[in-house]
Structures are given as structure tokens and as C-alpha cells.
Amino acid sequence: MLRITKNSRSGKTVSFRLDGTLTAASCADLEALCSHYQESEGKLVQLDMAGVVFMNEEVAKRLVELRSDRLSIINCSPFIEMLLRMVAT
């Protein structure tokens, strides 16, 4: 289960704190949420992954594909950071 908490940062950036396990189903919800804020509201999106305890390789690949100059991923655990780097290569 994944909990997503919105934390507005500034006028141009919206930040989401993620807590729990990131699955394929919750990743689809997250993608839709990010897309909404990027396209409809023109915001930069920041994903705070400090509370994510697990995700699999498939989800990591999807997150790497989402990462851009308009979406950043911060505060990953060493496991999550390693997984993101591994699938990015």
C-alpha cells in the first residue's frame, strides 16, 4: 500500500511525500497524478521517496522514464537509489 501526501512547495513546484510499497497499480495512480499537475497546472513535480520501503524493478523502470527536468525524485533510501540507477543503465 502506498500513501501519497501532497506538500505544496512554491507556486511552480508541487511535492509529494510517498510512504509504503510502490506497486505497479500505485505507480499508475502516481503517473496520472504527476501528469495532471505537469500538464493541467504547469507545475514542476518533486517525489519525496523517503518513506518508500520497497518497489520492484518494473516500477523502478517506470519511475526512471518519468524522471525529467519537470519531475525529480529525492530522498531515496540506498536500496531504492541503487535500484533506480541499475534500471537506468
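In which strand is Thr13 found? In this predicted model, Thr13 belongs to strand E2, which covers residues 13–22, and the surroundings of this residue are described below, after an account of the overall architecture.

The protein contains 3 helices and 4 strands, and these elements follow one another along the sequence in the pattern β-β-α-β-α-β-α. The radius of gyration is 12 Å, close to the 12 Å that the globule rule gives for 89 residues, so the protein is as compact as a globular protein of that length. Taken along the principal axes, the box filled by the C-alpha atoms comes to roughly 30 × 25 × 20 Å. Of the 89 residues, 39% are buried, and about 5,000 Å² of surface is exposed, with carbon and sulfur atoms supplying 51% of that area. Among the contacts with a separation of 6 or more, 67% are made by residues 24 or more positions apart. As to charge, the protein carries 11 positive and 11 negative charges, whose mean positions lie 7 Å apart.

The pairing of the strands can be followed from one element to the next. Strand E1 (residues 2–8) is joined to E2 by 7 bridges, and these two strands run antiparallel; within this pairing, Arg3 has Asp19 of E2 as its bridge partner. On pairing with E3, strand E2 takes the parallel sense, over 9 bridges, and here Leu22 stands opposite Met55 of E3. Strand E3, which spans residues 44–55, is in turn joined to E4 by 4 bridges, again with the two strands running parallel, and Asp48 has Ile74 of E4 as its bridge partner.

Strand E2, which thus pairs with both E1 and E3, has 8 of its 10 residues buried, so it is largely enclosed by the rest of the structure. Thr13, with a relative accessibility of 17%, counts as buried because this value falls under 20%. When its neighbours within four places in sequence are left aside, Thr13 is in contact with Ser8, Lys43, Leu44 and Gln46. One of these, Leu44, is separated from Thr13 by 31 residues in sequence, yet the two C-alpha atoms are 4.6 Å apart in space. Another of these contacts, Gln46, lies in strand E3 and likewise counts as buried, at 14% relative accessibility. Gln46 and Glu31, by contrast, are 15 residues apart in sequence, while their C-alpha atoms are 12 Å apart.

Strand E4 covers residues 71–74, and its side chains alternate between two faces: Leu71 and Ile73 point to one face and are buried, whereas Ser72 and Ile74 point to the other and are not buried. Such alternation between the two faces of the sheet is what a regular strand shows in general. Ile74, one of the two residues of E4 that are not buried, is also the residue that serves as bridge partner to Asp48. Beyond this strand, the loop between E4 and helix H3 (78–88) contains Asn75, a residue that has a positive phi of about 55 degrees although it is not a glycine. With a relative accessibility of 45%, Asn75 counts as partly exposed, because this value lies between the limits of 20% and 50%.

Technical notes. Residues numbered from 1 in each chain as written. Predicted model: local features only at pLDDT ≥ 70, side-chain atom pairs only at ≥ 80, totals over all residues. Heavy atoms only, no water. Rg over C-alpha atoms; globule rule 2.2 N^0.38 Å. Buried < 20%, exposed > 50% of the residue type's maximum accessible area, 1.4 Å probe, protein only. Contact = heavy atoms within 4.5 Å. Areas by Shrake-Rupley, 256 points an atom, 1.4 Å probe, with all protein chains shown as cover. Lys, Arg positive; Asp, Glu negative; His and termini not counted. Charge placed at Lys NZ, Arg CZ, Asp CG, Glu CD. Pairing = 2+ DSSP bridges.
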